[in-house]
Amino acid sequence: MEKDSKIYVAGHRGMVGSAIVRELRRQGYTNIITRTHAELDLISQQAVNDFFAAEKPDYVFLAAAKVGGIEANSSALADFMYDNMMLEMNVIHAAWRNGCKKLEFLGSSCIYPRMAPQPMPESCLLTSGLEKTNEAYALAKISGLKYCEFLNRQYGTDYISVMPTNLYGPNDNYHPTHSHVLPALIRRFHEAKLAGEPVVTCWGDGSPLREFLYVDDLAELCVFLMNGYSGNETVNAGTGKELTIRELAELVASTVGYEGRIEWDTTKPNGTPRKLLDVSKATRLGWTASTSLAEGIRLAYEDFLNNPMRAER
């Protein structure tokens with residue numbers, strides 16, 4: 001990308017999109033295009049086609065998505081599948097029709113099988129069944145990355161995809177029921193501290209293993225790959241390190257300053273038992289995450305405290 005290339009970041013108000021915009025600006029890119037949902041409904045094919053025909057961006061970062069945690073995914077399966085498939089197909093197709101030089105599609109590690117080999121290599125995609133609690137979202141994301149691959153194979157485009165592990169950081173969603181595990185824990189322990197609650201109850205038994213990537217590290221990788229990677233296979237984005245949800249809860253509680261007891265509700269689902277990405281491909285390309293989990297959680301909690309509107313999202 002040239003510093004004055006026209007770059008469209010779809011989903012710039014979200015955690016990932018806003019981090020990509022920050023990283024582009026940090027690196028000196030000056031021609032960044034954004035649209036709010038009110039200005040451009042990505043689920044509307046006509047609206048997306050009109051936008052691309054008028055703007056004709058050179059590069060596209062597709063970070064827009066309907067996202068949520070276990071509860072949100074399980075209770076709105078149809079919505080998660082329809083909304084995500086429509087918006088990503090609309091954007092990718094319009095980019096191709098309007099001569100976009102390169103597009104980068106942001107997916108999720110939930111695309112990999114529930115019982116995938118650990119750590120999960122990019123090559124294990126579609127080798128066995130998905131985790132049922134987020135199957136709809138995963139199927140939509142698989143469709144998006146496969147559409148990018150098929151455009152490359154049929155029409156010679158240069159469309160790539162990136163599969164991040166669990167993300168957190170500035171501009172996260174802290175909604176009490178629609179957020180992912182780490183921001184949900186930040187909010188839960190913060191509110192428990194303020195209310196003086198002696199016990200916080202968390203879902204499951206705390207045994208699942210999870211990996212977490214600070215979103216600004218992901219944004220750095222996204223720009224790095226846009227400038228230096230081409231290929232049909234996706235690229236995993238993670239740290240290569242994992243911890244149990246129990247350990248995560250204790251770390252968040254300590255960071256927030258909650259001193260009560262943590263209990264576990266084993267009637268609630270655990271989700272996938274283990275989700276660790278094989279990040280050797282990104283490492284070979286020359287990228288490694290730089291933010292430790294302890295430092296990242298500290299920065300995320302600071303963001304939570306300083307952005308009350310995000311906390312109420």
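Let's start with how much of this protein is tucked away: of the 313 residues in the chain, 52% are buried. Keep in mind as you look around that this is a predicted model.

Now zoom out to the overall build. The chain has 11 helices and 13 strands. How is it packed? A compact globule with 313 residues would have a radius of gyration near 20 Å, and this chain comes in at 19 Å, so the two agree. If you drew a box along the principal axes, the C-alpha atoms would fill roughly 60 × 40 × 40 Å.

The contacts tell you about the fold too. Take the contacts between residues at least 6 apart in sequence: 82% of them join residues at least 24 apart.

What about the outside? The accessible surface adds up to about 13600 Å², and carbon and sulfur atoms account for 50% of that. As for charge, you'd count 32 positive side chains and 38 negative ones, with the centres of the two sets 2 Å apart.

Now pick out one residue, E88. You'll find E88 in helix 4, which covers residues 77-97. Is E88 buried or exposed, and which side chain of opposite charge is nearest? E88 is buried, and the nearest such side chain is K141, 4.5 Å away. A salt bridge needs a nitrogen and a carboxyl oxygen within 4 Å, and E88 has no salt bridge. K141 still shows up among the residues that E88 touches, though. Leaving aside residues up to four places away in sequence, the others on that list are L62, F105, A140, S143 and G144.

Terms used
Residues numbered from 1 in each chain as written. Predicted model: local features only at pLDDT ≥ 70, side-chain atom pairs only at ≥ 80, totals over all residues. Heavy atoms only, no water. Helix = DSSP H or I, 4+ residues; strand = E, 2+ residues; numbered from the N terminus. Rg over C-alpha atoms; globule rule 2.2 N^0.38 Å. Buried < 20%, exposed > 50% of the residue type's maximum accessible area, 1.4 Å probe, protein only. Contact = heavy atoms within 4.5 Å. Areas by Shrake-Rupley, 256 points an atom, 1.4 Å probe, with all protein chains shown as cover. Lys, Arg positive; Asp, Glu negative; His and termini not counted. Charge placed at Lys NZ, Arg CZ, Asp CG, Glu CD.
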